[in-house]
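Colleague: I am new to this structure and would like a friendly guide. Please take me through a close look at a single part of it, and then show me a few other places for context.

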Amino acid sequence: MMRRNKEILCIISIVFMFIGYGNLYAEEKDVYKETIIVGGDNYFPPFEYVDKNGVYKGFNVDILRAIAIEMGIDLDIRPMPWYEAIMALNEREIDAIQGMKYSISRSYLYDFSDPYLVSSQSIFVRSDNSYIVNIEDLEKKKIAIQKNDIAKDVLKNIMDIQIIETENQQMALKKLIKGEVDAYIGNRLTGLYIIQKDGYTKDVKIVGEEINPLNYGIVVNKGNKVLLKMFNEGLMRIKKNGTYDKIYKKWFGEPINPPYAYIKRTLYFSIVVLFFSLFGIFIFYRWNYLLKKEVNKRTQQLKRESLFKEQIINSIFSGLITFNNQGIILSANEKAAYFLDMPIEAFVKKHFKDTVVKEYFYEEDFYEVLQTGKEKMNIEKNINVEGINKVFEYNIYPLVLHEDDVYGITLTFKDITNEKLMKERMIMKDKLESLGRLVAGIAHEIRNPLTSIKAYIELIPYKYDKKEFREKISEDVPKEIERLNSIISNLLEYAKPKVPNKEMVKVHDEILGIIVFFSNQIKKKNIKLICNMKEDLFIYVDKQQFKQIMINFLLNAIEAFEKTENPEICITAEKNGDFAVIIIKDNGCGIASENEKKIFEPFFTTKDNGTGLGLSISYQFIKENGGDITVSSHLETGTKINMILPLFKEKRSTANV
Ligand code: ADP
Ligand code: MG
């Protein structure tokens, strides 16, 4: 039941709403049919005024007429003094006033249409005036204003200003043109109208900002919504279709001298914006440029550096291969490719076991370096390359990031086949050289036993019967023959090339055996030979090489005695720790201090018939046998050669046999 009542109530309200709306609509229609009476000031040019022919015209009149045409309504526009117009509206004798400035107090009494103008005051000065650009510049100046003009309030705050009031704006303008005042302040649009009408556009300009801008529109009595709506609609339409602009131009013309301050401000603002934009663009481009330059520089530098490194790596005479700790080949230089006789791409990024690289070093060395982090140097390996035997020497270095963290290794290797060959040839040459010199001495040694054998043989026919003779001959001749045999076999052993082979060598016996070679020269030069050698001194060296070392030292000592008065050679051999110390000292010519550094260089000699190979080869042999050598010498005093060689140890012999 309740629900039903509600429904009925709802329907009734809707019906009433329609009736109401219909009435409103009917009222609106009625308004349009009636003549609307509009009042306006009878003298407020150019907004509204009655001209000398009694015609009511002006900007407001044109606007209202345009609205009337647009909206299809009848308007009766009546000019009257301003206060009468106000009263007529209050008494509802008229429906509207065509133009009124907006103010809060007025808004309580009337309803304002949308503004169709902004009414403001402006400062007018002569065109040649450049010292007044703003309201502040009016200080101590003479200013004209229309009597009771709103501008008076604004000027109150300015010091020392002299205000001259005139009947209307036209008279104020006249005073300005005549130069009686510095400026006049008045309604902007009225001012524009008068200036253009009287032809002063070239003589007068507007400066500063608009003063006291206020909206200006049509007013109706409070609550007359229908009429207000109609005016607003009309205003909107004439603004849209361009009629408004035409009317505006007709009455106020083009704006003269747009406000200087406005231009100044706009210009200033534009310059600031432009400056900052340009500055921004400049910074951006500059930064970009510098960045590009830096990047280019770095790129070039990097390119140069990597090219430089590449060139260095490729220019070294060794093959260079790097591996990671898994055995994968990471990189290689051109020399490596040359030695392996295949392009780099053929073996890089592969495991070394899958390539020929594995032939060039002993695999255990690779793992040892990875494990210990210590390099392995100067290891030789014989390799058969396409049927030709070659000797390669290699070094393995660990690549270490942190301690104990070996992340890879580098292998450098080179072909030392020719080097080896050269070395062997040099050794041979040195050997033959000293052999030549030895043979001369040995001839004498051979002649001695031969002479004694010959003497025995010649005596046989005469003394054979004597028992003593027979005993002597059977004892001495085999001795002499044995001596001959030993000299010759010693010589043969020395002369023939031999593969290096370390063995136990008795220093005492070996040196005495060598001295035999020199006995002739020793006698001839009257050399005093002092031997002070321990008998139980055994070294672990290559016997052949040891012999060659000693021969070179003794030869050099003997050759140093060209002008020595009491030539003396002193040989000592004794034990010191794990080494045998062998010293060969002479009191010969000595070595000039500037030559001391060079004596171990191959082919360095101060002798006319010298080879300069003796010491260089001896040095190599000593090093190869795990020994060392130092030479101290003074001119005229003599030379001392101090050589150490490793002692023979029982354990080592069993291990090697
Ligand atoms: P060579 O004997 O053929 O000149 P070496 O290599 O044996 O070549 O010696 C090089 C040089 O060292 C000699 O030319 C000499 O000037 C100097 N020298 C070596 N040993 C002695 C020595 N005991 N006394 C003086 N000079 C020596
Ligand atoms: Mg020599």
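Modeller: Let me begin with a definition: the domain bounds I use come from an automatic or database domain assignment. Please also keep in mind that this is a predicted model. The assignment gives domain 1 (1-27), domain 2 (96-252), domain 3 (316-415) and domain 4 (421-656). The C-alpha centres of domain 2 and domain 3 lie 100 Å apart. A pair of residues shows a similar spread: glutamate 393 and tyrosine 116 are separated by 277 residues in sequence and by 105 Å in space, C-alpha to C-alpha.

For the close look, I suggest ligand 1 and the helix beside it. Which residues come nearest to ligand 1? Of the 18 residues around it, these are Thr605, Thr606, Lys607, Thr611 and Leu615. Sorted by class, the shell holds 7 nonpolar, 9 polar and 2 charged residues.

Some of the polar contacts can be followed atom by atom. Threonine 605 places a polar side-chain atom 2.6 Å from an oxygen atom of ligand 1. Asparagine 556 also has a polar side-chain atom by an oxygen atom of the ligand, at 2.9 Å. With aspartate 586, the ligand's partner is a nitrogen atom, which lies 3.0 Å from an N or O atom of the side chain. How much of ligand 1 does the protein bury? Taken alone, the ligand exposes 530 Å², and the protein buries 95% of that.

Leu615, one of the residues nearest to the ligand, leads us into helix H17, where it is among the buried residues, together with Gly614, Ser616, Ile617, Ser618, Phe621 and Ile622. Let us pause at serine 618, which is found in this helix, spanning residues 614-624. Is serine 618 buried or exposed? It counts as buried because its relative accessibility is 1%, and the cut-off for buried is under 20%. Leaving out residues up to four places away in sequence, serine 618 touches Ile549, Asn552 and Phe553. Just after H17, glycine 626 takes a positive phi of about 80°.

Further along the chain, glutamate 636 has a positive phi as well, about 70°, although it is not a glycine. Its place is in the loop between strand S23 (628-634) and strand S24 (638-646). With 68% relative accessibility, glutamate 636 counts as exposed. Asparagine 526 has a phi near 60°, again a positive value in a residue other than glycine. This asparagine lies in the loop between helix H15 (507-524) and strand S19 (528-533), and it is exposed, with a relative accessible area of 62%. Why point these out? Most residues other than glycine have a negative phi, and most peptide bonds are trans. On that second point, the peptide bond from proline 45 to proline 46 is cis, with omega near 0°.

One more helix deserves a visit. Asparagine 490 sits in helix H14 (residues 467-495) and counts as buried at 17% relative accessibility. Beyond its neighbours within four places in sequence, asparagine 490 is in contact with Gly513, Phe517 and Lys547. Asparagine 490 and lysine 547 are 57 residues apart in sequence, yet 9.9 Å apart in space, C-alpha to C-alpha.

Definitions and conventions:
Residues numbered from 1 in each chain as written. Chains lettered and ligands numbered in written order. Heavy atoms only, no water. Helix = DSSP H or I, 4+ residues; strand = E, 2+ residues; numbered from the N terminus. Buried < 20%, exposed > 50% of the residue type's maximum accessible area, 1.4 Å probe, protein only. Contact = heavy atoms within 4.5 Å. Near = heavy atom within 4 Å. Polar contact = N/O pair within 3.5 Å; in protein donor to acceptor, adjacent residues only side chain to side chain. Areas by Shrake-Rupley, 256 points an atom, 1.4 Å probe, with all protein chains shown as cover. Nonpolar A, V, L, I, M, F, W, Y, C, P; charged D, E, K, R; others polar.
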